[in-house]
Amino acid sequence: MSLPLEGRSAIVTGAGRGLGRAEALELARLGAAVVVNDFGQPGRDGSGDASAAPAEEVAAEIRTAGGRAVAHMGDVADHQQARELVELAIAEFGQLDILVNNAGILRDRMVFSMSEDEWDSVIRVHLKGHFNTTHFAAAHWRARSKAADAPVYGRIVNTSSEAFLAGSAGQPNYAAAKGGIVGLTTSTALALAKYGVTANVICPRARTRMTADVFAGIQEPAAREPEGHESSEGGESSASDGSSAGDGSEGLASEGRRIDPLAPEHVAPLVGYLASPAAAHVNGQLLVVHGGMVAVVERPRVAAKFDTKQDAFTYDELDALLSPYYADRPAGETFAAAEVLGLKHE
Ligand SMILES: NC(=O)c1ccc[n+]([C@@H]2O[C@H](COP(=O)([O-])OP(=O)(O)OC[C@H]3O[C@@H](n4cnc5c(N)ncnc54)[C@H](O)[C@@H]3O)[C@@H](O)[C@H]2O)c1
């Protein structure tokens with residue numbers, strides 16, 4: 001039986017490490033030829049010299065496993081380098097079919113302390129980085145679709161975060177960029193549907209260098225014990241950001257070890273699915289994914305509606321309607337969906 005992504009070509013940005021690496025390996029395992037992009041800087045805040053090594057190592061890992069891959073060392077937030085990335089995929093593999101936008105950095109600070117550079121750099125890498133690659137991939141798909149006078153095959157998987165969904169007080173730049181990526185995704189999904197292209201967005205959670213300190217309190221699982229011996233560890237642990245991570249790894253292990261419930265390998269199969277022909281009717285959707293669990297998050301719904309009794313609202317009329325409404329709402333409740341942090345594998 002042929003693999004679901006056989007004959008497809010893919011770009012995964014920021015694939016030299018962490019989630020992007022796991023996603024590139026999974027797309028290759030499912031049959032895709034992969035361009036492994038990474039800028040390779042040593043700092044998770046985007047500091048230090050760019051390096052080709054992370055992307056080259058992952059591309060080599062894919063080739064060693066029998067797959068097809070090339071490395072691209074480049075900054076996705078640079079418009080020209082993003083163009084070269086898409087052109088490389090087309091030159092190497094004939095066309096582009098799948099774009100996974102994943103590259104990202106962190107520069108956390110409370111809003112009252114954040115510098116202009118901390119704001120700009122995170123918005124630039126995440127939001128502009130997603131736009132740049134999407135722009136060139138979309139132009140490629142639109143041109144091919146117009147030439148063929150028929151839809152083509154295109155898949156975009158973007159990367160947002162629970163920091164946007166649930167709010168994150170210490171990450172105003174990151175939460176805003178991740179919210180922008182959701183807006184970019186739904187806009188792109190609507191614009192490209194007629195060309196045969198889908199765009200979806202995931203909110204992953206995984207132990208990577210980006211979250212090493214957040215999840216430091218959650219132990220990786222020990223080696224699997226022999227049959228009949230119950231391991232004492234497992235159960236629920238709490239991350240320092242208030243999120244919880246249940247041990248959803250039972251039965252997902254290979255080579256005698258249980259998979260870390262926070263392993264990036266829990267996220268990658270969903271990216272493979274969204275990139276596949278099976279997901280042709282999944283478009284403009286947002287899914288939370290981690291630790292053996294996938295949650296479909298629905299669009300916001302209108303909770304209440306008020307109509308003026310005059311030609312237009314006045315301050316007094318709004319005060320009379322909205323103040324009692326908000327007085328009855330639970331204290332601390334905002335537009336953010338804090339409950340997503342409690343999602344876990346059961
Ligand atoms: N780890 C989590 O729990 C988590 C949660 C929510 C969202 N995310 C998102 O998942 C994505 C991957 O994060 P991760 O946890 O694997 O982090 P990571 O730091 O392990 O990997 C990010 C990779 O992106 C690369 N990169 C950074 N800037 C780049 C640029 N301008 N151009 C190309 N490559 C660049 C880095 O070199 C690095 O290899 C990010 O978008 C992140 O915001 C992660």
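Here are some numbered notes to read alongside the structure, which is a predicted model.

1. Let's begin with helix α1, which covers residues 18-29. At 1.5 Å a residue, its 12 residues should span 16 Å, and the C-alpha atoms at its two ends are 17 Å apart, so the expected and computed lengths agree. Just after α1 comes G31, whose phi is positive, at about 110 degrees.

2. Is α1 enclosed or open to the outside? Because 11 of its 12 residues are buried, α1 is largely enclosed by the rest of the structure. Among the buried ones you can pick out G18, R21, E23, A24 and L27. As you look along the helix, keep in mind that an α-helix has 3.6 residues a turn, so residues three or four places apart point the same way.

3. Next, the nonpolar core. The largest one has 78 residues, and the members that touch the most others are I11, A24, L27, V34 and V36. Two of these names, A24 and L27, are also buried residues of α1.

4. V36 is a good residue to click on. Once neighbours within four places in sequence are set aside, V36 is in contact with V12, A15, G16, A24, A55, V58, A59, A69, A71 and H72. Notice A24 in that list: it belongs to α1.

5. Now turn to the ligand. Which residues come closest to it? They are G14, R17, G18, G104 and T208, out of 33 residues that surround the ligand. By character, this shell divides into 11 nonpolar, 16 polar and 6 charged residues.

6. Several elements help to build the shell: α1, β2 (33-38) and α4 (116-148) each supply at least two residues. The largest share, 3 residues, comes from α1.

7. Further along the chain there is a hairpin worth a look. Strands β9 (residues 286-290) and β10 (residues 293-297) pair in the antiparallel sense over 5 bridges. Within this pairing, L287 of β9 stands opposite V296 in β10. The hairpin has 2 residues between its strands, and G291 takes a positive phi near 45 degrees.

8. Finally, try finding Q285, in the loop between α7 (268-274) and β9. Is Q285 buried or exposed? It has 20 C-beta neighbours inside 10 Å, and 20 or more is the cut-off, so Q285 counts as buried. Leaving out neighbours within four places in sequence, Q285 is in contact with N200 and V296. Q285 and E298 are 13 residues apart in sequence, and their C-alpha atoms are 8.1 Å apart in space.

Definitions and conventions: Residues numbered from 1 in each chain as written. Predicted model: local features only at pLDDT ≥ 70, side-chain atom pairs only at ≥ 80, totals over all residues. Core = buried A, V, L, I, M, F, W, Y, C linked by C-beta atoms within 7 Å. Contact = placed C-beta atoms within 7 Å. Helix = DSSP H or I, 4+ residues; strand = E, 2+ residues; numbered from the N terminus. Expected span 1.5 Å × (residues − 1). Near = placed C-beta within 6 Å. Nonpolar A, V, L, I, M, F, W, Y, C, P; charged D, E, K, R; others polar. Pairing = 2+ DSSP bridges.
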